[in-house]
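User: Hi! I'm new to protein structures and would like some help reading this one. Could we go through it feature by feature?

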Amino acid sequence: GVHMDLKKAKSICFLLLGVFMILMLIMGITSNPVFGYAAIGIVGIYGVFHYFFWRCPKCGENMGPLWVKCCPQCGEKIS
């Protein structure tokens, strides 16, 4: 698999979620669906990114929620 620093992966995931929230807020204020479509695109990117990079450094399994402290598969502690 492709490896990335978990702290960096987590930061990028949170950044994508933040951008998503902002786009949804702008769509709510402006009622412009373009922002909604952009938000859906961001969620798609987040899903792909999360799937490929939020993985345990030890066993390589996806770790699910961003707030886990250890891998649900093998128990490896996440710093």
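**Reading the model step by step**

Analyst: Sure, let's start with one residue: Tyr51 has a relative accessible area of 47%, so Tyr51 counts as partly exposed. Keep in mind that this is a predicted model.

User: Okay. How do I read a number like that: where does buried stop and exposed begin?

Analyst: Under 20% is buried, over 50% is exposed, and partly exposed is in between. Phe52 comes out at 43%, so Phe52 is partly exposed too. Phe49 and Phe53, on the other hand, are both buried.

User: Those are aromatic residues. How many aromatic pairs are there in the whole structure?

Analyst: A search of the whole structure turns up 2. For each pair you look at the distance between ring centres and the angle between the ring planes. Take Phe49 and Phe53: their centres are 4.7 Å apart and their planes make 40 degrees, a tilted pair. Both sit in helix α2, 4 residues apart, which is about one turn of the helix.

User: And what about Tyr51 and Phe52: why is that pair called edge-to-face?

Analyst: Planes over 60 degrees apart count as edge-to-face. The Tyr51 and Phe52 planes stand at 90 degrees, with the ring centres 5.1 Å apart, so the pair gets that label.

User: Which residue lies over the face of Tyr51?

Analyst: That's Arg55, at 4.8 Å from the ring centre. So for Tyr51 you can now note an edge-to-face partner, Phe52, and Arg55 over the ring face.

User: Let's zoom out. How do I describe the way two helices sit together?

Analyst: Look at how their axes approach and at what angle they cross. Here helix α1 covers residues 6-30 and helix α2 covers residues 33-53; their axes come within 8 Å and cross at roughly 165 degrees. Over 145 degrees counts as roughly antiparallel, so α1 is roughly antiparallel to α2.

User: Is the crossing of α1 and α2 left-handed or right-handed?

Analyst: Left-handed. You can also sort the residues of the α1 and α2 contact by type: 22 are nonpolar, 3 are polar and none are charged.

User: What can I learn from the backbone angles?

Analyst: Here's the general idea: most residues other than glycine have a negative phi. Now look at Ser31, which has a positive phi of about 60 degrees although it is not a glycine. Ser31 is placed in the loop between α1 and α2. With a relative accessible area of 61%, Ser31 is exposed.

User: Last topic: how do I compare separation along the chain with separation in space?

Analyst: Put the two numbers side by side. Ser11, in helix α1, is 55 residues from Leu66 in sequence, and their C-alpha atoms are 9.7 Å apart. Ser11 is partly exposed, with 46% relative accessibility.

User: Where is Gly75, and how does the comparison with Lys10 go?

Analyst: Gly75 belongs to the segment after α2. Gly75 and Lys10 are 65 residues apart along the chain, with 18 Å between their C-alpha atoms. At 42% relative accessibility, Gly75 is partly exposed.

User: Can you show me one more pair?

Analyst: Try Ser79, which is also found in the segment after α2. Ser79 and Tyr37 are 42 residues apart in sequence and 35 Å apart in space, C-alpha to C-alpha. Ser79 has a relative accessible area of 81%, so Ser79 is exposed.

Conventions: Residues numbered from 1 in each chain as written. Predicted model: local features only at pLDDT ≥ 70, side-chain atom pairs only at ≥ 80, totals over all residues. Heavy atoms only, no water. Axes fitted to C-alpha atoms, helices over the stretch in contact; angles between N-to-C directions. Parallel < 35°, antiparallel > 145°, perpendicular 65-115°, else oblique. Left-handed = near helix turned anticlockwise from the far one by under 90°. Nonpolar A, V, L, I, M, F, W, Y, C, P; charged D, E, K, R; others polar. Phe/Tyr/Trp six-rings, centres within 6.5 Å; stacked < 30°, edge-to-face > 60°. Buried < 20%, exposed > 50% of the residue type's maximum accessible area, 1.4 Å probe, protein only. Lys NZ or Arg CZ within 6 Å of the ring centre and 35° of its normal.
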